[in-house]
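Q: Please take a close look at one part of this model, the open sheet and what packs on it. I would like the terms explained as they arise.

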Amino acid sequence: MHEFGAILIVSGPSGAGKSSLIKAAKEQIGDFYFSISTTTREPREGEREGVDYFFTDQESFEADIKAGEFLEYAQVHGNYYGTSLKPVRKALEEGKLVIFDIDVQGHAIARERMGDLITSVFVTTPTLAELEHRLRSRGTDGDDIIKKRIQNALVEIEYISAYDFLIVNDDFERALDSFIAVAKAARLKKGRKQALAFINHWRGA
Ligand code: 5GP
């Protein structure tokens, strides 16, 4: 029986620990494809082209928008971020769980387009004050950028109810257990097309 592909969307303020959770869960959630986004923001120290993001400029990004390359895209903190459709389609066809780390606007668009395949989880710090503390101690961003991220977090937090699950990343190990449970459940989600295919298979058609 062919395995079904499914999508897990992870959102939440920058600094809440989304990437750390995804990285730490790797071994335990089986084969998945992490959707590498394209962005016009500058690489941070330690980030690698084609691993963390595909880094590009505004002109190329806008050309890709026109060409219909993106499943979704949004402007976050003054930069473009987008998910390319082709690799996602391919991974889904291969029956993989596809994980997106995208913002609340991207989540809303992806839901409209592929909602029946999507499970979503919002990851946040226990409080705004804790978020600010983590952003400052991460030491990768200047004061202006931290302010932008905080402003953005204040808006993003309003969207929690649009998500299937909420993980409060207070104790990392506990948050990781929850994240693994969500990812395992996400893999079992089936879309309309897959449901029909399964029914046919089950009937022996
Ligand atoms: P960062 O600059 O911290 O890597 O990401 C900033 C925000 O952009 C995060 O909330 C992240 O989830 C979001 N983001 C990253 N890639 C994408 C994408 O492809 N689409 C959308 N809509 N948001 C993204």
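A: The answer below begins with the sheet, then turns to the helices on it and to two residues.

This is a predicted model, in which local features need pLDDT of at least 70 and side-chain atom pairs count only at pLDDT 80 or more, whereas totals for chains, interfaces and linings use all residues. Residues are numbered from 1 along each chain as its sequence is written, and side-chain values use heavy atoms, with hydrogens and water left out.

The sheet is open and has four strands in the order 4-3-6-5, with mixed pairing. Strands (E, at least two residues) and helices (H or I, at least four residues) are DSSP runs, numbered from the N terminus. Two strands pair if DSSP finds at least two bridges between them. Strand 4 (54–55) and strand 5 (70–76) stand at the edges with a single partner strand each, so one side of each is left without a neighbour in the sheet. Strand 3 (residues 38–39) is paired with strand 6 (residues 79–84) in the antiparallel sense, over two bridges. Within strand 6, G82 stands opposite T38.

Two helices pack on this sheet. Helix 2 (residues 58–66) touches strand 3, strand 5 and strand 6, where contact means heavy atoms within 4.5 Å. The direction of helix 2 makes about 40 degrees with that of strand 6. Helix 3 touches strand 5 and strand 6, and its direction makes about 30 degrees with that of strand 6. Such angles run from 0 to 180 degrees between N-to-C directions, and the axes are lines fitted to C-alpha atoms, for helices over the stretch in contact.

Which residue of helix 3 (residues 85–93) can be examined further? A91 lies in this helix. A91 counts as buried because its relative accessibility is 3%; buried means under 20% relative accessible area, exposed over 50% and partly exposed in between, with a 1.4 Å probe and protein chains only. Not counting residues up to four places away in sequence, A91 touches Y33, K96 and V98. The C-alpha atoms of A91 and F34 are separated by 9.5 Å, although these residues are 57 residues apart along the chain.

The second residue, S35, lies in the loop between strand 2 (32–34) and strand 3. With a relative accessibility of 4%, S35 also counts as buried. S35 touches T83, V88, V98, I99 and F100, again not counting residues up to four places away in sequence. V98 is thus a contact of both A91 and S35.
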